[in-house]
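Let's take a walk through a protein together. Have a look at the picture, and then we will go from the surface to the inside.

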Amino acid sequence: MKLPQCPCGVAAVLVAGLAVSLPVRADVLQSAGAGSALSRVDARADFEHLGALSDNPYIEDGLSFARTALTFDNNGCGYGGCVDTMPATFSGNYLYGTGPGGYFSISAGASLFKGLEFIAGSGYGRDAPINFVWEAYRGAYQTGGGRGSVDSGTVLGFTDSAGFDRLLWSESLTSVDFGSSFNAPAFDTVQAQFTDAVPEAPSYAMLLAGLGLLGMMARRRAAA
């Protein structure tokens with residue numbers, strides 16, 4: 001059955017007088033500035049634990065952080081990182097690594113992100129521009145991606161009302177990618193907002209009940 005789409009991003013199905021709302025896909029949008037992607041904070045990670053230096057993935061407050069092709073131990077700087085390297089908005093420990101094509105992956109288990117924010121830094125120094133690249137996924141499907149350049153210490157935001165479950169992010173001095181560039185991403189103070197619980201099971205139950213009612217009405221007409 002083809003579902004009609006409405007401008008609010010919700011597909012509505014009317015079955016035997018029952019209105020059933022089903023989520024439809026939206027794309028992840030990237031923004032800059034604190035609060036640009038969040039209306040509330042459901043989870044937060046500040047990396048103030050020694051496990052952040054070596055665990056892969058490192059998990060804090062339900063948020064999971066994995067390194068791919070990146071060094072550990074804040075690239076040898078240890079807990080608290082390298083002095084005067086990261087922006088002043090970083091506090092205490094943070095996550096930092098270097099490597100060809102290296103990147104961080106942020107996820108939250110079975111939860112879906114509605115919004116995600118973190119302070120972006122650079123292993124090239126607090127005065128270096130942050131040239132970043134990112135990709136967002138929901139399951140196996142990519143739901144967003146892009147690249148940009150901001151000042152060190154900028155809060156980057158990513159949001160999608162339909163939800164995404166994984167964000168890949170990296171940074172380099174000039175051009176940056178997930179394959180050949182030498183990347184040195186760093187970030188701190190990750191905050192997440194999860195999608196509101198969607199009553200998908202009741203909605204589908206209503207849909208099935210409506211279809212069953214239509215089938216019963218059709219059988220009655222055939223018997224009449």
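Is Tyr 124 buried, partly exposed or exposed? Keep in mind that this is a predicted model. Tyr 124 has a relative accessible area of 34%. Buried means under 20% and exposed means over 50%, so Tyr 124 counts as partly exposed. To find Tyr 124 in the picture, look at the loop between β10 (113-122) and β11 (130-138). Tyr 124 has company on the surface: together with Leu 173 and Phe 182, Tyr 124 forms a nonpolar patch. The accessible area of these three residues adds up to about 270 Å².

Now step back to the whole chain. The protein chain contains two helices and 16 strands. About 10,900 Å² of the chain is exposed, and 57% of that area comes from carbon and sulfur atoms. Of the 224 residues, 45% are buried. Among contacts with a separation of 6 or more, 73% link residues that are 24 or more positions apart.

Let's finish inside, with Asn 74. This residue sits in helix α1, which covers residues 73-76. Because its relative accessible area is 0%, under the 20% cut-off, Asn 74 is buried. Which residues does Asn 74 touch? Leaving out residues up to four places away in sequence, Asn 74 touches Leu 53, Gly 80, Gly 81, Asn 93, Tyr 94, Leu 95 and Tyr 96. With one of these, Asn 93, there is also a polar contact of 2.9 Å between the side chains.

Methods:
Residues are numbered from 1 along each chain as its sequence is written. This is a predicted model: local features need pLDDT of at least 70, side-chain atom pairs count only at pLDDT 80 or more; totals for chains, interfaces and linings use all residues. Side-chain values use heavy atoms; hydrogens and water are left out. Helices (H or I, at least four residues) and strands (E, at least two) are DSSP runs, numbered from the N terminus. Buried means under 20% relative accessible area, exposed over 50%, partly exposed in between (1.4 Å probe, protein chains only). A polar contact is a pair of N or O atoms within 3.5 Å; within protein, one must be able to donate a hydrogen and the other to accept it, and residues adjacent in sequence count only if both atoms are side-chain atoms. Contact means heavy atoms within 4.5 Å. Accessible areas come from the Shrake-Rupley method with a 1.4 Å probe; for residues, only the protein chains shown count as cover. Patches are made of residues with over 30% relative accessible area and no salt bridge: like charges are joined within 9 Å, nonpolar side chains (Val, Leu, Ile, Met, Phe, Trp, Tyr) within 5 Å. A salt bridge is a side-chain nitrogen of Lys or Arg within 4 Å of a carboxyl oxygen of Asp or Glu.
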